[in-house]
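Q: I should like to learn how to read the features of this structure. Where should one begin?

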Amino acid sequence: MASISLSWNSSSWLHNHCLTKSMNAETTKLTNRTSVLTVVAQKKAKKVRKIILKDDVSNLGKKGQLIDVKAGYLRNFLMPMGMAQIVTPELLKEMKMEEERIEAEKKRVKEEARQLALIFETVGAFKVKRKGGKGKQIFGSVTAQDLVDIIKAQLQRDVDKRIVSLPEIRETGEYVAELKLHPDVTARVRLNVFAN
């Protein structure tokens, strides 16, 4: 009986040992062959396209924006609706030229605003006359429209009253008004308020 239990243990060891020897022999036979087949797993290709939006698309982007979208979304929705265009080298070149033109225009507008601010600041003080009341009080107040009218009369320049920022003026004296000519350029203009 003891031999049966020993044979089980010894036979499983023997079986494993012989099996690994035979596998090693097969492996050496495979390596001796001239061509070995190598299997490489391939990833699923992502179907994404670079496009330029022709219109604003909610939850996607603004007009003229360069973005990546899935091919199916482009083919089934954006292209039939005329909202997008596939990117080509010529289109990229045109976009770059358009961006440069827009940038040059922005610089030109900013420089004009600086020149206009310089003109407004070198004029000196604009004089405003109002009917006087008791002490330094004046009747009514000086408004942004009053300043726009004075600039038009003295400098022949049209200014939008929405860009004028004035403190509350109800007395005679000297005040400073600000004209927001450009997001980066603000002109400071002095006002002298006199009573008749």
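**Reading a predicted model**

A: A good starting point is a pair of side chains in one helix. The model is predicted. Tyr73 and Phe77 are four residues apart in helix α2 (residues 71-81), so about one helical turn separates them.

Q: How many aromatic pairs does the count give, and how are the rings of Tyr73 and Phe77 arranged?

A: The count gives one aromatic pair. Tyr73 and Phe77 form that pair, and it is stacked, with 5.5 Å centre to centre and 20° between the planes. The arrangement counts as stacked because the planes are under 30 degrees apart.

Q: Are Tyr73 and Phe77 buried, exposed or partly exposed?

A: Tyr73 has 33% relative accessibility and therefore counts as partly exposed. Phe77, at 31% relative accessibility, is also classed as partly exposed.

Q: On which strands does helix α2 lie?

A: Helix α2 lies across β1, β2 and β3, and runs at about 105° to β2. These strands make up an open sheet in the order β2-β1-β3, with antiparallel pairing. At the edges stand β2 and β3 (84-86); each has a single partner strand, so one side of each is left without a neighbour in the sheet. Direction ignored, neighbouring strands of this sheet are turned by 50° against each other on average.

Q: How many bridges join β1 to β2, and which residue stands opposite Val69?

A: Strand β1 (residues 48-53) is joined to β2 by five bridges, and the two run antiparallel. Arg49 stands opposite Val69 in β2. Further along the pairing, Ile52 has Leu66 of β2 as its bridge partner.

Q: How should one read the two faces of a strand, and which residues of β2 are on the covered face?

A: In a regular strand the side chains alternate between the two faces of the sheet. In strand β2 (residues 66-70), Ile67 and Val69 form the covered face, whereas Leu66, Asp68 and Lys70 form the uncovered one.

Q: What is the strand order in the open sheet of four strands?

A: The order in that sheet is β4-β7-β6-β5, with mixed pairing. Its edge strands are β4 (125-130) and β5 (164-165), each of which pairs on one side only. Strand β6 (residues 173-182) is joined to β7 by nine bridges, and these two run antiparallel. Within that pairing, Lys180 has Thr186 of β7 as its bridge partner.

Q: Which strands does helix α3 touch, and which does helix α4 touch?

A: Helix α3 (residues 89-122) packs on the sheet and touches β6 and β7; its direction makes about 25° with that of β7. Helix α4 (residues 144-155) also packs on the sheet, touching β4, β5, β6 and β7, and its direction makes about 120° with that of β4.

Q: How does one read a single residue within a strand: is Asn192 buried or exposed?

A: One combines its place, its accessibility and its contacts. Asn192 lies in strand β7 (residues 185-195). With 18% relative accessibility, Asn192 counts as buried, because buried means under 20%. Leaving aside neighbours within four places in sequence, Asn192 is in contact with Ala125, Phe126, Lys127, Val128, Gly173 and Glu174.

Q: How may a record be set beside the model: where does UniProt place the "coiled-coil region"?

A: An annotation is read first, and the model is then examined over the stretch it names. The unreviewed UniProt entry places the feature "coiled-coil region" at residues 92-119. Over residues 92-119 the model is 100% helix and 0% strand, and the end C-alpha atoms are 41 Å apart.

Note on methods:
Residues are numbered from 1 along each chain as its sequence is written. This is a predicted model: local features need pLDDT of at least 70, side-chain atom pairs count only at pLDDT 80 or more; totals for chains, interfaces and linings use all residues. Side-chain values use heavy atoms; hydrogens and water are left out. UniProt positions are given in the numbering used here, feature names are shortened, and annotations may be inferred rather than shown by experiment. Rings of Phe, Tyr and Trp (its six-membered ring) pair if their centres lie within 6.5 Å; planes under 30 degrees apart count as stacked, over 60 as edge-to-face and the rest as tilted. Buried means under 20% relative accessible area, exposed over 50%, partly exposed in between (1.4 Å probe, protein chains only). Two strands pair if DSSP finds at least two bridges between them. Contact means heavy atoms within 4.5 Å. Axes are lines fitted to C-alpha atoms, for helices over the stretch in contact, and angles run from 0 to 180 degrees between N-to-C directions.
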